[in-house]
Amino acid sequence: MSKLRIALTKGRVEKDIVKLLSRAGLDMTPLIEKGRKLIIQAGDYEFVLAKAPDVITYVEHGVCDAGIVGKDTIMENGGSFYEVLDFKTGVCSFCVAGLPDTQLYSDYRQIKIASKYPNVAKRYFNERNLDVDIIKIEGSVELAPLLELSDAIVDIVETGSTLKENGLVVLERMYDISARLIVNTVSMKLKKDEVTELTSLVKTAL
Ligand code: PRP
């Protein structure tokens with residue numbers, strides 16, 4: 001019987017967490033050799049591999065005790081759960097980006113912003129009392145200013161190479177983000193010791 005069932009974001013977060021938990025002494029081989037399996041037992045934990053917004057859904061509904069997900073998804077989706085730990089991996093930032101000569105606030109017109117993260121973008125500009133038209137894009141957001149769909153984008157910048165290779169630059173740095181441990185509100189009470197054990201384990205590897 002697993003101590004905790006943990007929803008883990010597939011892809012970049014998964015790779016970083018596998019490395020980190022291996023460093024913490026957990027045998028993560030079953031995850032490294034998982035093939036196309038989605039539920040994997042590793043040591044005392046059962047990992048459920050899911051897309052980032054679904055990690056939040058599984059934790060909120062209590063079918064997973066905990067989740068490992070980027071702060072970007074937490075900021076965009078919100079939800080009711082506890083955010084208990086910053087893994088300090090997958091560190092990147094939300095930025096406003098655009099063509100180098102972009103003058104976002106040059107005149108009194110509505111700014112057009114394209115983003116995969118419309119809520120984050122809206123919050124940022126609203127906090128600055130700026131009138132923005134947010135256009136939701138599903139991916140490759142860098143295209144929007146290049147095709148003149150928007151004045152700028154709000155997106156995640158990690159190495160900066162996607163912006164650079166498409167002739168775009170960071171106009172404003174918004175928020176720093178990294179992978180976080182979130183815990184279901186009921187599991188936090190019923191499995192407090194197990195959650196503490198996991199966070200202590202992670203802290204040794206940080
Ligand atoms: C993310 C993000 C940028 C890119 C940034 O996209 O939206 O496009 O990574 O990384 P970099 O600064 O290291 O170049 P992702 O790879 O998730 O694909 P997508 O654009 O199709 O969503």
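Begin by colouring the protein chain by its domain assignment, which gives domain 1 (4-90 + 178-205) and domain 2 (92-175). The contact between them takes five residues from domain 1 and 10 residues from domain 2, and the centres of the two domains, taken over C-alpha atoms, are separated by 30 Å. Keep in mind throughout that what is on the screen is a predicted model.

With the whole chain still in view, switch to a cartoon and follow the nine helices and 11 strands of the protein chain. Along its principal axes the C-alpha trace spans about 60 × 35 × 30 Å, and 47% of the 206 residues count as buried. Among contacts with a separation of 6 or more, 68% are made by residues 24 or more positions apart.

**The largest pocket**

Next, select Arg12, Asp72, Lys116, Tyr117 and Ile156, which of the 37 lining residues lie nearest the centre of the largest pocket. The space in this pocket comes to about 920 Å³. The elements that each give two or more residues to the lining are helix 1 (12-23), helix 3 (52-60), helix 4 (71-77), strand 9 (152-157) and helix 7 (161-165); helix 4 gives the most, with five residues. If you keep the domain colours on, you can look for both of them here, since the lining draws at least three residues from each of domain 1 and domain 2. Colouring the lining by class instead separates 12 nonpolar, 14 polar and 11 charged residues.

**Helix 1**

Stay with helix 1, one of the elements that line the pocket, and select its two end C-alpha atoms. They are 17 Å apart, which agrees with the 16 Å that the 12 residues of this helix should span at 1.5 Å a residue. Which residues of helix 1 are buried? Show the side chains of Val13, Glu14, Ile17, Val18, Leu20 and Leu21, for these are the buried ones. An α-helix has 3.6 residues a turn, so residues three or four places apart point the same way. The buried residues of helix 1 pack against several elements, including strand 1 (4-9), strand 3 (45-50), strand 4 (66-70) and helix 9 (192-205). Helix 1 is followed by Gly25, whose phi is positive, near 100 degrees.

**Two loop residues with positive phi**

Most residues other than glycine have a negative phi. Two residues that depart from this come next, and the first to select is Asn129, in the loop between helix 5 (118-127) and strand 8 (132-136). Its phi is near 55 degrees, a positive value in a residue other than glycine. Is Asn129 buried or exposed? Its relative accessibility is 72%, so Asn129 counts as exposed.

Move on to Glu148, in the loop between helix 6 (143-146) and strand 9. Although Glu148 is not a glycine, it has a positive phi of about 60 degrees. With a relative accessible area of 71%, Glu148 is exposed as well.

**A buried threonine**

Finish at helix 9, where you will find Thr199. Its relative accessible area is 11%, and because buried means under 20%, Thr199 is buried. To see what surrounds this residue, leave aside its neighbours within four places in sequence and show Val84, Leu85 and Leu181, with which Thr199 is in contact. Helix 9 was already met on this tour, as one of the elements against which the buried residues of helix 1 pack.

Terms used: Residues are numbered from 1 along each chain as its sequence is written. This is a predicted model: local features need pLDDT of at least 70, side-chain atom pairs count only at pLDDT 80 or more; totals for chains, interfaces and linings use all residues. Side-chain values use heavy atoms; hydrogens and water are left out. On a 1 Å grid over the protein atoms alone, a cavity is a set of points where a 1.4 Å probe fits but cannot get out, and a pocket is an open set with protein on both sides within 12 Å along at least five of seven lines; lining residues have an atom within 4 Å of a point. Grid points are joined across faces, edges and corners, and a volume is the space filled by probe spheres set on the points. Helices (H or I, at least four residues) and strands (E, at least two) are DSSP runs, numbered from the N terminus. Ala, Val, Leu, Ile, Met, Phe, Trp, Tyr, Cys and Pro count as nonpolar, Asp, Glu, Lys and Arg as charged, and the others, Gly among them, as polar. Domain bounds come from an automatic or database domain assignment. The expected span of a helix is 1.5 Å times one less than its number of residues. Buried means under 20% relative accessible area, exposed over 50%, partly exposed in between (1.4 Å probe, protein chains only). Contact means heavy atoms within 4.5 Å.
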